[in-house]
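Hi,

Here is the structure I promised to pass on. Have a look at it first, and my notes follow underneath.

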Amino acid sequence: MKEITPGKLMGTWCLLMVSLPLAIFWIRPDFIGGRTTAAVLKLSVVLAAVSAGGVAFTYGLARKWSLPTRRYEEFIAALPAREVELPEGGPPELQSLSRAMKGMAERVRHVVEQTNLESLRRETILACMAEGVLAVDKELKVIFCNDAFAHAFGTRTPVPEGRTLYEIVREPVLRDILEQVLTTGTAERDRLQLPSAAGRWFEVRALPLGGLPRRGAVVVLHDVTDIQRQERVRKDFVANVSHELRTPLSAIRGYAETLLDGALEDPEHNRKFVEIILSHATRLNNIASDLLVLSELDSNETALMPPERIPVLEIIDSAIHTVESSAATRGVRLQKTDCHDCWVMGHRFRLEQVMINLLDNAVKFNRSDGDVTIECAATDGEVRISVTDTGIGIPSDELDRIFDRFYRVDKSRSRPAGGTGLGLPIVKEVIGRMGGEVSVESQLARGSRFTIRLRSA
Ligand code: ADP
């Protein structure tokens with residue numbers, strides 16, 4: 001572009017100044033001579049020439065300025081994606097404007113890059129979150145919904161922006177909470193069971209987007225189903241323990257009071273009463289030890305001890321030795337098959353406890369003159385230990401409940417036998433922690449078979 005310098009402007013001005021007296025000098029004779037028509041004609045020619053020159057000058061000037069102006073427009077429109085070439089030369093004003101615009105473009109690009117990076121970071125974090133996050137505008141149209149939220153409600157991902165809340169989740173309670181936040185502008189918090197999320201429990205937090213309800217609201221769902229279940233199990237457990245302790249405690253207290261009230265001197269009953277107290281105290285002791293075992297298992301204490309390679313035969317022999325006398329008292333025969341070459345990894349005292357619990361039950365719930373058979377075999381990298389009895393059996397509809405804590409099929413039979421209802425839960429817990437499984441088959445009045453499957457070591 002050619003520059004418009006002060007010299008050029010001065011030259012143009014001087015040209016005009018010179019041409020003006022020349023024009024007057026050209027028109028003047030006709031004017032004085034009364035040749036009005038010729039004078040007017042010449043004046044018109046002069047005016048036309050001047051205006052043509054003016055138009056040409058303005059056009060040239062406009063062209064000179066419009067080209068860079070268009071470039072600047074294109075430059076701004078293309079930001080921040082690309083940079084349009086700006087005029088290099090030109091008047092100093094345009095050059096400094098170009099420099100300023102390039103600097104501005106640099107800053108705009110930096111800010112946009114930072115913003116993009118920030119939103120990418122935020123989106124990645126939200127997408128990875130285990131908590132469900134949903135943001136809506138003030139008309140309850142979805143602005144953002146992460147995968148965890150969509151999965152919780154079985155919605156396909158990605159959720160397109162602009163969907164209404166009801167298209168994503170048909171949960172009136174969530175809608176109410178969000179509406180509440182949009183109206184009051186205050187955060188809401190609640191623990192809810194949401195039927196449309198397969199009945200799972202959620203800790204729900206809703207708050208205005210960016211602190212301003214007119215921008216919308218965001219709701220965060222934290223799945224607390226497991227915590228809720230654990231809390232219920234804990235409450236049930238405490239209730240069960242209290243219930244289990246109350247019976248022997250009140251019996252001990254009752255018989256002790258009876259003895260003090262005079263029965264102590266009654267030779268016919270005093271020994272019997274003390275024996276009853278002893279049996280209830282034994283039961284209390286059994287409950288306390290079983291609870292201790294379960295609490296150790298729950299707190300995973302044995303995980304700190306390295307597992308060892310255990311010969312199953314030794315464990316079986318030791319367990320048989322423990323229950324031998326009670327089996328003899330009840331007239332139950334104990335037999336075992338060849339258990340050589342059966343090795344498993346685990347904690348010896350725990351596996352022994354498992355075997356004692358199973359054998360104790362097999363004896364306790366057997367008929368007199370019944371049999372208990374212990375079999376053990378190692379095949380395909382797996383050791384199977386089974387305890388079969390010829391006892392009362394377990395009703396089929398109770399089979400999957402007998403591993404629950406404090407569950408007993410026949411309380412009147414288990415309690416007098418010193419049962420705590422914690423033997424099988426201990427078996428299941430220990431075997432589970434050893435990476436194995438325990439199963440049961442049973443036929444009423446025919447007997448039961450408990451089978452343990454463990455990886456061979
Ligand atoms: P308990 O201390 O009462 O024996 P367990 O947890 O060991 O508690 O067993 C739970 C219940 O399962 C028992 O009360 C009993 O009703 C039933 N059960 C367990 N083993 C046998 C078995 N071998 N034969 C019949 N019933 C059994």
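To start with a cysteine: is Cys145 buried or exposed? Cys145 counts as buried, because its relative accessibility is 10%. Bear in mind that this is a predicted model, so everything below is computed from it.

While we're on cysteines, a search of the whole structure turns up 0 disulfides. For Cys145, the nearest cysteine sulfur belongs to Cys128 and is 15 Å away. Cys376 is the one I'd point you to: the sulfur of Cys342 is 3.2 Å away, yet Cys376 is in no disulfide. The cut-off for a disulfide is sulfur atoms within 2.5 Å, so a pair at 3.2 Å does not count. Cys376 is also buried, at 7% relative accessibility.

Now the inside. The largest nonpolar core has 49 residues, and Ile316, Met355 and Ile452 touch the most other members. Helices H8 (270-298), H9 (312-330), H10 and H12 (423-433) each supply at least two residues of this core, and so do strands S9 (371-379), S10 (382-389), S11 (437-443) and S12 (447-455). Beyond its neighbours within four places in sequence, Ile316 is in contact with Lys336, Cys339, Met355, Ile374, Cys376 and Ile385. Apart from that core lies another one of 26 residues, including Phe149, Leu174, Val181 and Val204.

Leu358 is worth a click too. Leu358 sits in helix H10 (residues 348-364) and is buried, with a relative accessible area of 2%. Setting aside neighbours within four places in sequence, Leu358 is in contact with Val387, Leu424, Val427, Phe450 and Ile452. Leu358 and Thr451 are 93 residues apart in sequence but 9.8 Å apart in space, C-alpha to C-alpha.

For a contrast, try Gln95 in helix H3 (residues 92-128). Gln95 is partly exposed, at 29% relative accessible area, and with neighbours within four places left aside, its contacts are Glu88, Gly89 and Gly90. Gln95 and Gln230 are 135 residues apart in sequence and 73 Å apart in space, C-alpha to C-alpha.

On to charges: the structure holds 27 salt bridges. Here are some of them.

- Lys336 and Asp317 meet at 3.1 Å, N to O. Lys336 lies in strand S7 (residues 333-336) and Asp317 in helix H9, so the pair ties together parts 19 residues apart in sequence. Lys336 is partly exposed at 38%, and Asp317 is partly exposed at 34%.
- Lys364 pairs with Asp360, the closest N and O atoms being 3.6 Å apart. These two are separated by about one helical turn, because they are 4 residues apart in helix H10. Lys364 counts as buried at 9% relative accessibility, whereas Asp360 is partly exposed at 29%.
- Arg405 and Glu429 meet at 3.8 Å, N to O. Arg405 is in the loop between S10 and helix H11 (411-414) and Glu429 is in helix H12, so this pair links parts 24 residues apart in sequence.
- Arg189, Arg191, Glu203 and Glu231 are joined into one network by salt bridges that share partners.

Last, the surface. Met10, Trp13, Leu16, Met17 and Val50 make a nonpolar patch of about 500 Å². Helix H1 (residues 6-32) gives the largest share of that patch, 4 residues. Met17 is found in helix H1 and counts as partly exposed, at 37% relative accessibility.

Cheers

Methods: Residues are numbered from 1 along each chain as its sequence is written. This is a predicted model: local features need pLDDT of at least 70, side-chain atom pairs count only at pLDDT 80 or more; totals for chains, interfaces and linings use all residues. Side-chain values use heavy atoms; hydrogens and water are left out. Patches are made of residues with over 30% relative accessible area and no salt bridge: like charges are joined within 9 Å, nonpolar side chains (Val, Leu, Ile, Met, Phe, Trp, Tyr) within 5 Å. Accessible areas come from the Shrake-Rupley method with a 1.4 Å probe; for residues, only the protein chains shown count as cover. A salt bridge is a side-chain nitrogen of Lys or Arg within 4 Å of a carboxyl oxygen of Asp or Glu. Buried means under 20% relative accessible area, exposed over 50%, partly exposed in between (1.4 Å probe, protein chains only). Contact means heavy atoms within 4.5 Å. A nonpolar core is a set of buried Ala, Val, Leu, Ile, Met, Phe, Trp, Tyr and Cys residues joined through side-chain atoms within 4.5 Å.
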